[in-house]
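Here's a walk through a protein model, taken one region at a time. Keep the structure open beside you as you read.

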Amino acid sequence: MKSTLLSARNVKKYYPLKTGAFSRKNILVKAVDDISLDIQKGEIFGLVGESGCGKSTLGRILLRFEELTSGTVMFQGENLGDFDRKKINGFRRQAQMIYQDPYSSLNPRKKIGSLIQEPLDIHRIGTLKERKEKVHWLLEKVGLQPDQARRYPHEFSGGQRQRIVVARALALNPLLLMADEPVSALDVSIQAQVINLLLDLREEFALTYLFISHDLSVVEHLSDRVAVMYLGKIVESADKDAFYSHPLHPYSRALLSAAPVPDLNGKKQRLILQGDVPSPINPPSGCAFHPRCPLRMPECDKSAPELKERAPGHRVACFAQTD
């Protein structure tokens with residue numbers, strides 16, 4: 001049985017919203033609202049949802065790039081909120097991030113060899129010769145040539161730049177990688193190459209991934225478990241096979257029905273949601289999804305459903321007893 005690498009309990013992140021100079025209203029944007037989850041060692045945990053649902057904010061909180069409003073985040077059994085600067089530096093070696101836009105995360109004035117070597121320099125790992133040797137080794141691991149270390153980021157394609165970012169993230173031998181929409185800006189053929197690279201590296205480096213995406217087909221190919229977010233909350237979580245074969249939450253069903261079908265002869269009944277995603281500044285009462293839900297019931301606008309287990313490992317936040 002796999003052990004838990006990272007866990008979150010009742011995590012919230014609220015942002016105060018500035019209003020007029022003379023206003024006394026205390027308005028909060030509830031970006032992440034009472035989320036609990038566990039990520040097991042060696043797994044790929046997929047986090048999906050529409051843009052603006054809080055996926056990236058949750059990821060940054062879990063890696064302590066942002067401080068949470070309330071709740072706890074545990075890494076290998078230790079509370080990240082109790083870490084001092086020294087322990088945070090140690091945590092940074094074990095948890096790294098792959099960003100959506102590789103070009104903006106690379107300093108255009110530095111050669112990629114220096115960029116990949118930078119984490120090793122900061123943490124003073126090895127001699128200068130050993131650091132340069134590791135840079136060349138990492139470039140080979142991600143499918144690039146060691147002599148390309150002398151080039152600048154603008155001399156590479158988008159897919160190559162993403163490989164450079166992956167190499168830099170691997171420099172410190174982390175346990176956890178958070179990938180925030182890492183292939184959404186790439187062509188489809190290049191997406192497949194990067195996804196296969198991530199899968200290969202997972203086996204070789206014994207990595208655990210938190211994979212954030214809005215692309216359900218990518219998440220299906222990559223993930224072991226999937227959680228669906230809507231307006232700052234997780235509404236469904238399950239093993240990949242159970243989720244894609246038998247989604248229980250009406251929002252999950254609508255997302256899956258909107259995904260394109262590669263089979264031209266395949267038919268899929270499209271579930272069209274009514275209305276727009278509510279604002280996190282003024283969310284609906286009760287279940288946040290109820291204004292758009294085809295299965296809404298009288299209690300949906302009065303109280304928010306808890307995330308409960310309907311089947312082994314399959315949890316849903318919905319009053320409707322869907323089959």
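What follows goes from the sheets to the helices and then to the side chains packed between them. Bear in mind that this is a predicted model.

Let's start with the four-stranded sheet. It's an open sheet with the strands in the order β2-β1-β4-β5, and the pairing is antiparallel. Strands of a sheet pair through backbone hydrogen bonds, either parallel or antiparallel. At the edges you'll find β2 (27–40) and β5; each has a single partner strand, so one side of each is left without a neighbour in the sheet.

Now zoom in on how the strands line up. Strand β1 (residues 4–17) and strand β4 (residues 70–75) run antiparallel and are joined by five bridges. To find the register, look for Arg9, which sits opposite Thr72 in β4, and for Lys12, which faces Ser70 of that strand. On to the next pairing: β4 meets strand β5 (residues 78–79) through two bridges, again in the antiparallel sense. Here Met74 has Asn79 of β5 as its bridge partner. The two strands β4 and β5 make a hairpin with two residues between them, and Gln76 in that turn has a positive phi of about 50°.

Right by that turn is a residue worth clicking on, Phe75. The structure holds seven aromatic pairs, and one of them is Phe75 with Phe91, arranged edge-to-face at 5.0 Å centre to centre with 75° between the planes. This pair ties together distant parts of the chain, since Phe75 belongs to strand β4 and Phe91 to helix α2 (residues 85–94), 16 residues apart. Are these two rings buried or exposed? Phe75 has a relative accessible area of 2%, so it counts as buried. Phe91 is buried too, because its relative accessibility is 1%. Add Phe83 and you have one aromatic cluster made of Phe75, Phe83 and Phe91.

Next, the other sheet. This one is open as well, with eight strands in the order β6-β7-β8-β3-β9-β10-β12-β11 and mixed pairing. Which strands stand at its edges? They are β6 and β11 (308–311), and each has a single partner strand, so one side of each is left without a neighbour in the sheet. Neighbouring strands here are turned by 25° against each other on average, direction ignored. At the β11 end, β11 pairs with strand β12 (residues 314–316) over three bridges in the antiparallel sense, and Lys308 stands opposite Val316 in β12.

Helices pack on this sheet. Helix α1 (residues 55–62) touches β3 (44–48), β7, β8 (208–213) and β9 (225–230), and its direction makes about 155° with that of β8. Six of the eight residues of α1 are buried, so the helix is largely enclosed by the rest of the structure. Those buried residues are Lys55, Thr57, Leu58, Gly59, Ile61 and Leu62. Just after α1 comes Arg64, with a positive phi of about 55°.

Helix α5 lies across β6 and β7, running at about 175° to β6. Does its length agree or disagree with what you'd expect? The 13 residues of helix α5 (residues 158–170) should span 18 Å at 1.5 Å a residue, and the end C-alpha atoms are 19 Å apart, so the two agree. Of those 13 residues, 11 are buried, which means that α5 is largely enclosed by the rest of the structure. The buried set includes charged-looking names you might not expect to see listed, among them Arg161, Arg163 and Arg168, alongside Ile164, Val165 and Leu170. Together the buried residues of α5 pack against β6 (95–98), α3 (112–122), α4 (128–141), β7 (176–180) and α6.

Finally, the cores. The largest nonpolar core has 56 residues, and the ones touching the most other members are Ile98, Leu170, Leu201, Phe211 and Phe243. Helix α6 (residues 188–205) supplies the largest share of this core, seven residues. Take Leu201: leaving out residues up to four places away in sequence, it touches Lys141, Val166, Leu170, Ala206, Leu207 and Tyr209. Another core, of 30 residues, lies apart from the largest one, and its members include Leu5, Leu6, Leu47 and Phe75.

Conventions:
Residues are numbered from 1 along each chain as its sequence is written. This is a predicted model: local features need pLDDT of at least 70, side-chain atom pairs count only at pLDDT 80 or more; totals for chains, interfaces and linings use all residues. Side-chain values use heavy atoms; hydrogens and water are left out. Two strands pair if DSSP finds at least two bridges between them. Rings of Phe, Tyr and Trp (its six-membered ring) pair if their centres lie within 6.5 Å; planes under 30 degrees apart count as stacked, over 60 as edge-to-face and the rest as tilted. Buried means under 20% relative accessible area, exposed over 50%, partly exposed in between (1.4 Å probe, protein chains only). A nonpolar core is a set of buried Ala, Val, Leu, Ile, Met, Phe, Trp, Tyr and Cys residues joined through side-chain atoms within 4.5 Å. Contact means heavy atoms within 4.5 Å. The expected span of a helix is 1.5 Å times one less than its number of residues. Axes are lines fitted to C-alpha atoms, for helices over the stretch in contact, and angles run from 0 to 180 degrees between N-to-C directions.
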